[in-house]
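I opened this entry to look up how one sheet is arranged and how some helices pack.

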Amino acid sequence: MKVYLSKLNESWVVDRFRNDWYQNNKDISTESIYKSDIIWIISPWVWKKISRRQLKKKKVVCSIYHIDFENFDDNERKDFYERDKFVDEYHVISLKTKTQLENLTQKKITSIPFWVDQNIFKHLENKKKLRQKYGFKEEEYLVGSFQRDTEGHDLKSPKLIKGPDVFLDIVKERYEDNKNLVVILTGKRRQYLIYKFNELDIPYRYFEMVDIYTINELYNILDLYLVTSRIEGGPQAILECAQTRTPLLSTNVGVAPEILHEESIYEVDNFKNAKVNIEYAYEKSMRYTIPEGMSMYRSMMELIYES
């Protein structure tokens, strides 16, 4: 059995998962689509770059991360069903997405969250020294958000499914109570929040494109990481926070109910009642570390190959 993963090259988290897979599963993987038995469409939005002839000849598993039904227009629906003709089985990274996808297809759907590399995302000691490294004071209250918040078409409108307006409201309220609060942002397309923070004089630091080892250190200096999304596939930050033992609160999206204690999941109007539960999240996330987190994918591929 040989598995081929579709290419992306967008410097996004899925690129990292693709690289992880090839590094850790050389015995069942191939970079040549022609030598493959299974095509894993890990990046479904670029599926049309894959040869139709190969899609017809091979077993095909397709990952779907989330479905925004409010914006699921005729073009997206047409694209979904055109691709669906080639798909033998779907993979999703949360049970919530599985429920969504069941509204669109009768094909088998397997839900497995993506793995997290515990050798990269890990708890670090000596927080004081780490804070000094990045120029933060010990008394500052650091709140993190490491995912895009701005639409790509104009680089100013909020990407509402990510909930940057929710993040802003929570930060504004917290800043009124604690003037030591500082927001840490990373990644591309953060223009919306940066504009708002400048407008409101809320202090922040922006680390645009940093490597994953820096991301790990930034997790480790946070007092709180916030997931404020309305719709999500993961986000992977939940598993990364769990492994780094970063205090985390999240809306009820994606993989949150599978990793976080219910007390750490909040509705927008009751954020104050949410409580961090680091140990619960850490223990739940251990199932998805390498190699165990990948073994479930290997089993999925074997079942597809044998079917």
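My notes below go from the sheet to the helices on it, and then to a helix pair.

Entry 1, the sheet. I noted that the model is a predicted one. I looked up the strand order and found an open sheet of six strands, 8-7-6-9-10-11, with parallel pairing. I then checked the edges: strand 8 (204–207) and strand 11 (265–266) each have a single partner strand, so one side of each has no neighbour in the sheet.

Entry 2, strands 7 and 8. I asked how many bridges join strand 7 to strand 8. There are four, and strand 7, residues 181–186, runs parallel to strand 8. For a residue pair I took Leu185, which stands opposite Tyr206 in strand 8.

Entry 3, helices on the sheet. I found helix 8 (residues 212–221) packed on the sheet, where it touches strands 6, 7, 8 and 9. The direction of helix 8 makes about 160 degrees with that of strand 7. I also traced helix 6 (residues 164–177), which lies across strand 6 (141–145), strand 7, strand 9 (224–227) and strand 11. Helix 6 runs at about 155 degrees to strand 7.

Entry 4, helices 1 and 12. I looked up the axes of helix 1 (residues 13–24) and helix 12 (residues 292–306): they come within 12 Å and cross at roughly 80 degrees. Helix 1 is therefore roughly perpendicular to helix 12. Which residues meet here? From helix 1 I listed Asp20, Trp21 and Asn24; from helix 12, Met294, Tyr297, Arg298 and Met301. I sorted the residues of this contact into four nonpolar, one polar and two charged.

Notes. Residues numbered from 1 in each chain as written. Predicted model: local features only at pLDDT ≥ 70, side-chain atom pairs only at ≥ 80, totals over all residues. Heavy atoms only, no water. Pairing = 2+ DSSP bridges. Contact = heavy atoms within 4.5 Å. Axes fitted to C-alpha atoms, helices over the stretch in contact; angles between N-to-C directions. Parallel < 35°, antiparallel > 145°, perpendicular 65-115°, else oblique. Nonpolar A, V, L, I, M, F, W, Y, C, P; charged D, E, K, R; others polar.
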